[in-house]
Amino acid sequence: MFEAARALEPVFQEQSKTFFWHGMLENYAVDEEAYLRELMVLAESNAAEQKATAETAADLIRLAPDQSPELLSQQFVLGQDIGKALENAGECLRKGCSYSFDMLAESAVTASDAARHFARYEEAILTAGPQSRWGKKTRPLSVSLKLSALHPRFDVSQQERVFADLYPILCDLVACARGQGVAITLDAEDMDRFELTLQLFEKVYYSPVAEGWNGLGVAIQAYSKRALPALCWLNKLAKEQGDEIPVRLVKGAYWDAEIKHAQQLGISSYPVFTRKEGTDTSYLACLRFLLSDYTKGGLFPQLATHNAHTVASVLVMSSSKDRRLELQRLHGMGDALYDSILKRFDYPVRIYAPVGGHEELPPYLVRRLLENGASTSFVHRLAGSETPVEVLTKDPVQELGTYPSLGNDLIPLPPLLYGSERTNAKGWNLAITADREKFVAGLRQWWGHEWQAGPIIGGKTFLGGCSEAVLSPNNGEPIGERFGLELENLESALEQALCGFVGWCDCPAAERADAVQGFADAIEAHRCELVALCSQETGLPIRSVIEDLRNTVDLCRYYASQSRSRFGHSVALPGPTGETNELYMEGRGVFLCVSPAGSPMSVFCGQIVAALLAGNTVLAESSGQSSLLAHRLVELMLAAGIPENAIHLLPGHRDFVGSTLVPDPRIAGVTFTGSAQVARRINRLLAEREGACAPLVAEIGGQNAMIADSSAVPEQVVRDALESAFSSAGQGCSALRVLFLPEDIADQTERLIAGALNDVCVGNSTRLSTDVGPMVDADAKSRFERYLEVLERDARLIGKSPMPVVDAAGHFVAPSAWEIKSLKYLKNECFGPILHVIRYRSDDLDGVINQINSLGNGLTLGIQSRSESTAAYIEKRVRAGNTYINRDQAAAVAGVQPCGGEGLSGADPKAGGPNYLLRFAAERTRTINTTAMGGNASLLSLGI
């Protein structure tokens, strides 16, 4: 943890630039309570300063009584283009204000988007140049650059490419700005891009185009736990180079998104502070450092805030300092407050002004409304006339100290997201150096390792049958050896499972749950090995494997929690006096669990642990393409305490295992995930056999669709559609197959799809930069290529990813998108990296719904719409088990998005849902006539 309390100590500031860089890296998600105690020491004011700040803040509020913005009617954008913006800025420029122009732009989806944004930035610089002035009391106009708008893959996973492409682009813009007398600021984005932004800043700052110039700055967000160490690093950078760095210190704009992202990742804590007072304390600590003598000549403070107490803190703290600084506000906010500052104080004021048309405005406007509508917002509280001035001028450091917990205890830490029920699965944030380096170091020890797999029966591995090398789909290199299954293995496994059933079924539900909990913990303890093995054996990219592993852990813990509450005790039923009536559940017998390679850990383990927790014993048939992984997982189950006669692994050819075991009346049930063709075959075999009826718990894929309407944002549609279609190389049951586009946005969206496909990284699945790995085996590749031949004849190609130089022995195919006329074209399921697009008239939404429903499938549905009523209309009428609105449909989380389809996609309780375990159980009732012993004591006790 960064020692914030020592930031103003001479010895501490004598540390090297590298020291502060590492301090910044390690501070990503440190313990909030401990770190805030460090910051409070630095941020706290003495009594005189507190009094002066409160009085100054009160004066500012009284002098600016009308500063509250009318959020819904006021114009938040200065102009639709830079020319109009400069024209509208005239009055404030004459008052002495300066401007920073934010050319509104969402992150680039394609290279052509990035080129268009570059042209807008360049135009803004060239247009603003003649009006930009450098002087003793005036600061030049500036342009804020959003780096993700200048590169379609501004992501740490593509770091080498980003540096190669974006560095010369930034140098061109800096050279242009310097020539025009316009300053440049690299704007703040999400925390995952923070390190990459600072690295690019450093490279450009050291370049000849910026050397000797004081106009290249960067924005720092105070809600980040890395803000202060980043400032210390920037200061060292400036002192080393010799040029002053303007630093725009802001509170932060993406707080809610950062909270959600950390929860989804399952990391230990949050990268941002969870209380408003925590952010304000961090801001004051950063302010104190920025105004210190250490930063003089190194950092130029640009202090952005609309909070009167924060502004007053700036004025009071700086009053005794011989420092130049600048105050900043947003266009459309705090006008009266800053007008009073211009009149009373000799500080320059800069207005951060968005520039753009109506298409770019909605995301920005929504963000402003959310920020200022929040109950903790200063602007919101100021708008309430009942809010006393004393409340508005309270010292945030003192306010923070009044809480029993410095972190917000109403926001659970990511590991505690699900409360006492279960722990959230651990994850890594691979965009963060500290996490990534630990992760890569853990993987490194498993590269080159070779595993063995064979049948596991009665806790013993059988390696006596025929063996074959397991070759990686990445390059055909051996990663292990697989021993085959023989007929006598099947009979032995079934007999032992039958013998083990009574003991396991009688085992208390809590003990069964403990064993599965132990298995989940074992997965996390061996996660580097499992990720390395899975990626090499199945060809799934690293990020997809991590997601699958975390889903597996979540499923185990969720099902274990469900089993504790649903099994192991009876439920009393109402009835007449003199008898007790109870219902309880127990296992059915031996379950055969058959799984695919698409989700090699979560589906394989989810089916098994669900059957086990219900009290069944299990014969697990693993996919031939993930047999090494399945073997290792069953080993971990046994080590966690699941009995040797309760779980048996049968890795073999699916036809061999299925045709032998499914018809056997000793099998009490079958669970299957995969294609509709195989599911129908299993269903027929179960129906035709002698003996008791056995349940088939099936999750089947289908022609999963996404519907966009005319209000949808094309860039968002493309991001979510490509993620849904191409993660896991499109081989998962829930992968998106068909995107429906209304004609009025179809051309634009298809252009974006084609451009985005150009930037998809196809390659070896073990590389962090890979988006799409190989097909799982040669047969899958061959089937897919035959299907592509049909598309080349009958459909129109929208776009295809370029194929890099890959190993000839690998099973790679290029992701592609094709326009087809209707769903009737898709006669069979196609597993692979492909997206079909169908255009429709906007007035024929019901026709699209009917097309989808006529297929009879119904697993996942995506909806892209900014109209809540339209989204609700579609969701209600399309027969799909899982609907995802304005997001991707690539993954489901246990207990959060239970996964299961309707119709031909399965009709059983959803995997990862509250009713799934019940499908594996038999219900029994018990009635006891208590009066048989001679009387009804309970009734008699009530009196006669």
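# Exercises on a predicted model

Helix α9, residues 159-180, contains 22 residues, and its first and last C-alpha atoms lie 30 Å apart, close to the 32 Å expected at 1.5 Å a residue. The model from which the exercises are drawn is a predicted one.

## Exercise 1: helix α9

Task: Determine where α9 is kinked, which of its residues are buried, and which elements those residues pack against.

Solution. Begin with the course of the helix: a kink of about 30° is found at L166, shortly before the proline P168. Next, list the buried positions of α9, which are V162, F163, L166, L170, C171, L173, V174, C176 and A177; L166, the site of the kink, is thus one of the buried residues. The spacing of such a list can be read with a general rule in mind: an α-helix has 3.6 residues a turn, so residues three or four places apart point the same way. Then turn to the surroundings, where the buried residues of α9 pack against the helices α7 (111-128), α8 (147-150) and α10 (194-205) and against the strands β2, β3 and β4 (216-221). Finally, follow the chain beyond the helix, where G181 comes after α9 with a positive phi near 75°.

## Exercise 2: strand β3 and the barrel

Task: Establish what kind of sheet β1 to β8 form, and work out how β3 is joined to β2 and to β4.

Solution. The order β1-β2-β3-β4-β5-β6-β7-β8 describes a closed barrel of 8 strands with parallel pairing, in which the twist from one strand to the next averages 30°. Within this barrel, take first the pairing of β2 (residues 142-145) with β3 (residues 183-186), which is parallel and extends over 4 bridges. Its register can be followed through S142, whose bridge partner in β3 is A183, and through S144, which stands opposite T185. On the other pairing, β3 and β4 run parallel and are joined by 3 bridges, with L186 opposite V218 of β4. The connection between these two strands passes through α10, and the resulting β-α-β crossover is right-handed.

The last step concerns the side chains of β3. In a regular strand the side chains alternate between the two faces of the sheet. For β3, A183 and T185 point one way while I184 and L186 point the other way, and all of them are buried.

## Exercise 3: strand β21 and helix α30

Task: Identify the strands that pair with β21, and describe the burial of its two faces.

Solution. Strand β21 (residues 705-708) pairs with β22 (residues 738-742) in the parallel sense over 3 bridges, and in that pairing M706 stands opposite L739. A second parallel pairing, over 4 bridges, joins β21 to β26 (residues 860-864), where L861 is the bridge partner of A705. As for its faces, A705 and I707 lie on one side and M706 and A708 on the other, and all are buried. The path from β21 to β22 includes helix α29 (residues 714-726), and these three elements make a right-handed β-α-β unit.

From here the analysis can be extended to α30 (residues 743-757), whose 15 residues should span 21 Å at 1.5 Å a residue, in agreement with the 21 Å between its end C-alpha atoms. Its buried residues are I745, A746, T749, E750, L752, I753, A754, G755, A756 and L757, and they pack against helices α7 and α29 and against strands β22, β23 (796-800), β24 (816-819) and β25 (834-840).

## Exercise 4: an open sheet

Task: Explain why β14 and β28 each have one side without a neighbour in their sheet.

Solution. The sheet is open, with 3 strands in the order β14-β15-β28 and antiparallel pairing. In this order β14 (571-573) and β28 (921-929) stand at the edges and have a single partner strand each, so one side of each is left without a neighbour in the sheet. Neighbouring strands here are turned by 30° against each other on average, direction ignored. The antiparallel pairing of β15 (residues 579-587) with β28 comprises 9 bridges, and within it E586 stands opposite A922.

## Exercise 5: the glycine G606

Task: Decide whether G606 counts as buried or exposed, and name its contacts outside the adjacent sequence.

Solution. G606 is located in helix α25 (residues 602-613). Its relative accessibility is 4%, and because buried means under 20%, G606 counts as buried. When neighbours within four places in sequence are left aside, G606 is in contact with L555, Y559, M601 and Y916.

How values were computed:
Residues are numbered from 1 along each chain as its sequence is written. This is a predicted model: local features need pLDDT of at least 70, side-chain atom pairs count only at pLDDT 80 or more; totals for chains, interfaces and linings use all residues. Side-chain values use heavy atoms; hydrogens and water are left out. Two strands pair if DSSP finds at least two bridges between them. Axes are lines fitted to C-alpha atoms, for helices over the stretch in contact, and angles run from 0 to 180 degrees between N-to-C directions. Buried means under 20% relative accessible area, exposed over 50%, partly exposed in between (1.4 Å probe, protein chains only). A crossover is right-handed if, with the strands pointing away from the viewer, the path from the first strand over the helix to the second runs clockwise. The expected span of a helix is 1.5 Å times one less than its number of residues. The bend at a residue is the angle between axes fitted to the seven residues ending there and the seven starting there. Contact means heavy atoms within 4.5 Å.
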